[in-house]
Amino acid sequence: MRFHYCPDCGSKLELRPIGDEGDTPWCPQCQRPLFDQFSTCIIALVVNEREEAAILRQDYISQQYGNLVSGYMTPGETAEECAHREIGEELGLRVTELELVKTWWMEKKELLMIGFFSRVADTEMRLSGEVDAARWVPVKEALGQVHPEGSISHALVAAYLERMKKA
């Protein structure tokens, strides 16, 4: 999101060169830059002790493909805290291990997605209201359950499978 007016004083912003950033929206009244902003989310491949992945059905996202746990970070929250919270909220599961995998930029929605592998000990899910259904599938079958190649969920599952081959 690019600011055109200052959210604090309402002044129309002007472009001003700011160091290496180049032309940046600047509030002449508050005397400060207003850098472009974007949302940050996590996405997690949740795997249990039997090497099964949690595949969610969330009809508001897709009626064709399964989803991985994902959600928006809240102010003051780290990505790791968000992953723990989202897995707990959406699946009712407690994370035992969490590993940062990679970040992805989603141009279409202007989102930074932070990807994790997550281990859980439990297998009994307690779903939130935003999850229509969820099931455990062998990780080796998860690639065929999520959005196709080119999607972040596909890339995250593929990275996990690649790691399994090397182990």
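## Exercises on a predicted fold

At 40% relative accessibility, Glu-110 counts as partly exposed (buried means under 20% relative accessible area, exposed over 50%, partly exposed in between, with a 1.4 Å probe and protein chains only). We'll come back to Glu-110 below.

Before you start: this is a predicted model, where local features need pLDDT of at least 70 and side-chain atom pairs count only at pLDDT 80 or more, while totals for chains, interfaces and linings use all residues. Residues are numbered from 1 along each chain as its sequence is written, and side-chain values use heavy atoms, with hydrogens and water left out.

**Exercise 1. Work out how many helices and strands the protein has, and in what order the elements run.**

Step 1: Get the rules straight. Helices (H or I, at least four residues) and strands (E, at least two) are DSSP runs, numbered from the N terminus.

Step 2: Count them up. You get three helices and nine strands.

Step 3: Read from the N terminus on, and the pattern is β-β-β-β-β-β-α-β-β-β-α-α.

**Exercise 2. Set the radius of gyration of the protein against that of a compact globule of 167 residues.**

Step 1: Pick the yardstick. The radius is taken over C-alpha atoms, and the globule rule is 2.2 Å times the number of residues to the power 0.38.

Step 2: Put in 167 residues and the rule lands near 15 Å, but the protein has 19 Å.

Step 3: Check the box. Along the principal axes, the C-alpha atoms fill roughly 60 × 35 × 30 Å.

Step 4: Add the burial figure: 39% of the 167 residues are buried.

Step 5: Look at the surface. The accessible area is about 9700 Å², and 49% of that belongs to carbon and sulfur atoms (Shrake-Rupley method with a 1.4 Å probe; for residues, only the protein chains shown count as cover).

**Exercise 3. Lay out the open sheet formed by β1, β2 and β3, and find its edge strands.**

Step 1: Two strands pair if DSSP finds at least two bridges between them.

Step 2: Apply that, and the three strands line up in the order β1-β2-β3 with antiparallel pairing. The edges are β1 (14–18) and β3 (32–33), each of which pairs on one side only.

Step 3: Take β1 and β2. Five bridges join this antiparallel pair, and Ile-18 stands opposite Gly-22 in β2. The two strands make a hairpin with three residues between them, and Gly-19 in the turn has a positive phi of about 45°.

Step 4: Move on to β2 (residues 22–27) and β3, which run antiparallel and are joined by two bridges. Here Cys-27 has Arg-32 in β3 as its bridge partner.

Step 5: Bring in Phe-3, from the segment before β1. Phe-3 is buried, at 14% relative accessibility. Phe-3 and Cys-27 are 24 residues apart in sequence and 9.9 Å apart in space, C-alpha to C-alpha. Leaving aside residues up to four places away in sequence, Phe-3 touches Leu-13, Pro-25, Leu-34, Phe-35 and Gln-37 (contact means heavy atoms within 4.5 Å).

**Exercise 4. Find how β8 pairs with β4 and with β7, and where Trp-105 sits.**

Step 1: Check the cover on β8 (residues 111–120): eight of its 10 residues are buried.

Step 2: β4 (residues 39–47) pairs with β8 in the parallel sense over nine bridges, with Phe-116 in β8 as the partner of Ala-44.

Step 3: β7 (residues 95–106) pairs with β8 in the antiparallel sense over 10 bridges. Phe-116 turns up here too, as the partner of Leu-100.

Step 4: Place Trp-105 in β7. Trp-105 is partly exposed, at 42% relative accessibility, and its contacts beyond four places in sequence are Phe-38, Glu-110, Leu-111 and Leu-112. The C-alpha atoms of Trp-105 and Thr-40 are 9.5 Å apart, with their positions 65 residues apart in sequence.

**Exercise 5. Which residues other than glycine show a positive phi near 60° or near 50°?**

Step 1: Recall that most residues other than glycine have a negative phi.

Step 2: Gln-31 has phi near 60°. Gln-31 is in the loop between β2 and β3 and is partly exposed, with a relative accessible area of 49%.

Step 3: Glu-110 has phi near 50°. Its place is the loop between β7 and β8, strands that form a hairpin with four residues between them.
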